[in-house]
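Biologist: I've got a chain on my screen and a few questions about how it's put together. Mind walking me through it?

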Amino acid sequence: MKKFLICLLTFVMLVGCGQLPDDISEDEQLNMPDIVFVERAFSSDNEFMYISFTDCNGNYYVSSDKELGKLDFTELVDKYKSGGLDGKITMTGYYDTDKLQKNYKKLCNAVRQGNCDIVYPDMLPEVESEYYNWYGLYYDENNEIKPQIIHVNKYMTNFYSANDTINEIYKWCNGNCVHIDA
């Protein structure tokens, strides 16, 4: 009985402190940020080229506005949410919302499990080229927007995550947008 109570109290303390992984179930209500996935592109001399993002409704937007490239993710989401990006972004496509939600759940579960870092080799080519970073945005336990880098293309080389689920999310983001004439 004493061991049972100790185990029970330990379990309650760990759950209360948020130390146990807590996967998002199929029935759990999603709390998706207004912007879910973001790509930022820069030239070889580190000049901003464009930003693209997918909102929580599956709409895909692109902008070459340099001011947007300087915003951190929280500012970007806040401006989008308040309509502050109107006239600065162009909708050029969309994603299936059911698949977007599934990939967002995958992102949150992968982040909770950890080991999502991008794997870089010891040696990199010495090539000047554009570079691109893809991110997934999620809410942390304090309800603050956090980015998780999901892919990097630099030196004309793709760099993937140590986490296969994160790599699946990137492949979905990069290959499933239905493009429209803007």
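Biologist: Let's start with N31: where is it found?

Modeller: This is a predicted model, where local features need pLDDT of at least 70, side-chain atom pairs count only at pLDDT 80 or more, and totals for chains, interfaces and linings use all residues. Residues are numbered from 1 along each chain as its sequence is written, and side-chain values use heavy atoms, with hydrogens and water left out. Helices (H or I, at least four residues) and strands (E, at least two) are DSSP runs numbered from the N terminus. On that count, N31 sits in the loop between α1 (2-16) and β1 (35-42).

Biologist: Why does N31 count as partly exposed?

Modeller: Buried means under 20% relative accessible area and exposed over 50%, with partly exposed in between (1.4 Å probe, protein chains only). N31 counts as partly exposed because its relative accessibility is 42%.

Biologist: Which side chain does the side chain of N31 make a polar contact with?

Modeller: Contact here means heavy atoms within 4.5 Å, and N31 touches Y104, Y139 and N143, not counting residues up to four places away in sequence. A polar contact is a pair of N or O atoms within 3.5 Å; within protein, one must be able to donate a hydrogen and the other to accept it, and residues adjacent in sequence count only if both atoms are side-chain atoms. For the side chain of N31, at 3.3 Å, the partner is the side chain of N143.

Biologist: On to the sheet: what is the order of its eight strands?

Modeller: Two strands pair if DSSP finds at least two bridges between them. The sheet is open and the pairing antiparallel, and the order is β7-β6-β5-β1-β2-β3-β4-β8.

Biologist: Why do β7 and β8 each have one side without a neighbour in the sheet?

Modeller: β7 (157-159) and β8 (178-179) each have a single partner strand, so one side of each is left without a neighbour in the sheet. For β8, pairing with β4 runs over two bridges, and Y94 of β4 has V178 as its bridge partner. The reason for the free sides, then, is that both strands stand at the edges.

Biologist: And β1, how many bridges pair it with β2?

Modeller: In β2 (residues 48-55), the bridge partner of I35 is D55. The two strands pair in the antiparallel sense, and the count of bridges is seven.

Biologist: At what angle does α5 run to β6?

Modeller: Axes are lines fitted to C-alpha atoms, for helices over the stretch in contact, and angles run from 0 to 180 degrees between N-to-C directions. Helix α5 (residues 164-175) lies across β1, β5, β6 and β7, and its angle to β6 is about 75 degrees.

Biologist: Which helix gives the largest share of the largest nonpolar core?

Modeller: A nonpolar core is a set of buried Ala, Val, Leu, Ile, Met, Phe, Trp, Tyr and Cys residues joined through side-chain atoms within 4.5 Å. This one has 22 residues, and F37, Y104, L107, I150, I166, I169 and C173 touch the most other members. β1, α4, β5 and α5 each supply at least two residues. The largest share is six residues, from α4.

Biologist: Last one: which residues is K154 in contact with, leaving aside its neighbours within four places in sequence?

Modeller: K154 belongs to strand β6 and counts as partly exposed because its relative accessibility is 30%. Its contacts are E130, Y131 and F159.
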